[in-house]
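Work through the exercises below with the sequence and the model open. Try each task before reading its solution.

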Amino acid sequence: MTTTTTESTSPPPEPKRDEAEDPPPQEAAAAVAGAGDLDVASLSIKDEEEEEAVSDSNINIQAVTTGETPYSSAATFEQLNLTAALLKGLYVEMKFEKPSKIQAITLPMILTPPHKDLVAQAHNGSGKTTCFVLGMLSRVDPHFERPQALCICPTRELAIQNLHVVGKMGKYTGISSELLVPGIFENDIRNCSPVLAQVVIGTPGTVKKWMSFKKLSVTDIRVLVFDEADQMLDKSLNDCLCSFHQKDGFQDDSLRIMKDIQRFSKGCQVLLFSATFNETVKKFVSKTVKDHNQVFVKKEELSLDAVKQYKVALPDELAKITVIKDRILELGEKLGQIIIFVRTRKSAGMLHRSLTEFGYYVTTLHGALEHGDRDKIVKEFKDGLTKVLISTDVLARGFDQQQVNLVINYDLPVKHGTSEPDYEVYLHRIGRAGRFGRKGAVFNFIMDDWDREVMRKLENYFNAQVAEVPSWDKDEDFEEALKAAGLL
DNA sequence: AAAAAAT
């Protein structure tokens, strides 16, 4: 489980064009003003170039800085005073050319003393991971063998993925990294040797456990990152009266970790990143980190223009399966990889069995599988060995696989026990397609009036037009739709 | 309901 980033890692399939996880090169905008107590700089950022011109024309990212420190948007990585080793990682390993919008804006905020806390929101697939990984790597002292940066993620899949990015970007820095997720060293933690890696990435429960057994020292942590921060700090309060689970979310563990680190490591910088922050979470987050800089995007501007959204009306469950196999999987190699999101583990299994019975090769991921199986299924998918992945929302957030250009919402995401859409989950799911400005499509399956109402609310919330595929029974309609999305 | 994780 310990990986030193200097070790060579097995080379993942290299995406042919542009970078590994960021939007197409774009012109970063004007300077972010900084003086004054609460300075609001609305940055209007224009896209130029890009042959495919898929990107949104004009996105407003609102940056609010506090204090006296002026920040200028970074047009190049050179402007950030990074070490030569780190620059080499960015150019040679990551194949980046220049910072994406969110990177141009947030990196100076992360790297400039006094290293204020930051709450940052940016579109799915726009390069958030690079922001905090670069932040961690550049603030770690490679000659000091103690944990200095810690990143907390909601799922083991995301933690593993982020660890890979750390390894790749930091390949020439000699900085070590380690993964703290369940399923490794599960026998007896008391016999484990303490973590010495400089960058530690993990899930909340395991990290908390290692901290409480004094196997992860937090006294030298300089940067604490919460990936998918809105989820990590969401109360997830169960309003349902019949439920005796008061809280079922990550908030307790996350806050505990944050408080402990802030207590023992004065001046630790907290970085909170996500594509979504609903108003409630935003308010809570602002109270949690004091005197922080922030970067936000309006919700209407969050859904990706490069991803074409569709709805498909269907009479019943059987029709859903028919559409998947006869209208979509039959297209075979013409499509890239596909993720089918379902609401429950059980329906994941059922769909898996039906498609398998019909002779299609699919794999399925959910949280009830054994850790090793989960890792294997994800690896096969990332290596391109499997093409169709059925998944619960375990993979809704953060999962970065550029070859995914089609997402199917077999079930629409709704908040527990209601017909209220889960807006955040919807946005994250569709963000699995169209990584980094690539083209993508989403099919939302609508089976009854409930679904229709959920869909209507989603469209309304994001102010997005979702075209309807005229007939679920016609091959041509789907081909048409996929063509319009730029996939065929 | 799902997610993490511990019981």
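**Exercise 1. Describe the backbone over residues 75–104 of this predicted model, and say what the record assigns to that stretch.**

Step 1: take the secondary structure. The chain over residues 75–104 is 47% helix and 0% strand.

Step 2: compare the ends. The C-alpha atoms at the two ends of this stretch are 6 Å apart.

Step 3: turn to the record. An unreviewed UniProt entry annotates residues 75–104 as "domain: DEAD-box RNA helicase Q".

**Exercise 2. Find which residues surround DNA strand B, and which part of the strand they meet.**

Step 1: collect residues with a heavy atom within 4 Å of the strand. There are 19 around DNA strand B. The closest are Pro182, Thr203, Asp248, Arg345 and Arg374.

Step 2: look at the DNA side. Of the atoms of DNA strand B that come within 4 Å of the protein, 72% belong to sugar and phosphate.

Step 3: sort the surface by class. Near DNA strand B it has nine polar, six charged and four nonpolar residues.

Step 4: assign the surface to elements. Helix 5 (residues 204–212) gives the largest share, three residues.

**Exercise 3. Work out whether side chain or backbone of Thr206, Gly367 and Thr392 approaches a phosphate oxygen of DNA strand B.**

Step 1: start with Thr206. An N or O atom of its side chain is 2.6 Å from a phosphate oxygen of DNA strand B.

Step 2: go to Gly367. Here a backbone N or O atom lies 2.5 Å from a phosphate oxygen of the strand.

Step 3: finish with Thr392. A polar atom of the Thr392 side chain lies 2.9 Å from a phosphate oxygen of DNA strand B.

Step 4: apply the cut-off. A polar contact needs N or O atoms within 3.5 Å. The Thr206 pair, at 2.6 Å, meets it.

**Exercise 4. Locate the second largest cavity and describe its lining.**

Step 1: count the cavities. Four have a volume of 30 Å³ or more.

Step 2: size the second largest. Its volume is about 140 Å³.

Step 3: list the lining. It holds 18 residues; Lys128, Thr129, Glu228, Gly398 and Arg435 lie nearest the centre of the cavity.

Step 4: map the lining to elements. Helix 3 (128–139) and helix 4 (156–169) each give two or more residues. Helix 3 has the largest share, three residues.

Step 5: check the domains. Domain 1 (2–300) and domain 2 (307–484) each supply at least three lining residues.

Step 6: sort by class. The lining has eight polar, seven charged and three nonpolar residues.

**Exercise 5. Inspect the backbone at Pro114 and Asp291, and place each residue.**

Step 1: recall the usual case. Most peptide bonds are trans, and most residues other than glycine have a negative phi.

Step 2: check Pro114. The peptide bond from Pro113 to Pro114 is cis, with omega near 10°. Pro114 sits in the loop between helix 2 (101–111) and strand 4 (118–121).

Step 3: check Asp291. Its phi is positive, about 45°, although Asp291 is not a glycine. The loop between helix 8 (279–288) and strand 10 (293–297) holds Asp291.

Notes
Residues are numbered from 1 along each chain as its sequence is written. Chains are lettered from A and ligands numbered from 1 in the order in which they are written. This is a predicted model: local features need pLDDT of at least 70, side-chain atom pairs count only at pLDDT 80 or more; totals for chains, interfaces and linings use all residues. Side-chain values use heavy atoms; hydrogens and water are left out. A polar contact is a pair of N or O atoms within 3.5 Å; within protein, one must be able to donate a hydrogen and the other to accept it, and residues adjacent in sequence count only if both atoms are side-chain atoms. Helices (H or I, at least four residues) and strands (E, at least two) are DSSP runs, numbered from the N terminus. Ala, Val, Leu, Ile, Met, Phe, Trp, Tyr, Cys and Pro count as nonpolar, Asp, Glu, Lys and Arg as charged, and the others, Gly among them, as polar. UniProt positions are given in the numbering used here, feature names are shortened, and annotations may be inferred rather than shown by experiment. On a 1 Å grid over the protein atoms alone, a cavity is a set of points where a 1.4 Å probe fits but cannot get out, and a pocket is an open set with protein on both sides within 12 Å along at least five of seven lines; lining residues have an atom within 4 Å of a point. Grid points are joined across faces, edges and corners, and a volume is the space filled by probe spheres set on the points. Domain bounds come from an automatic or database domain assignment.
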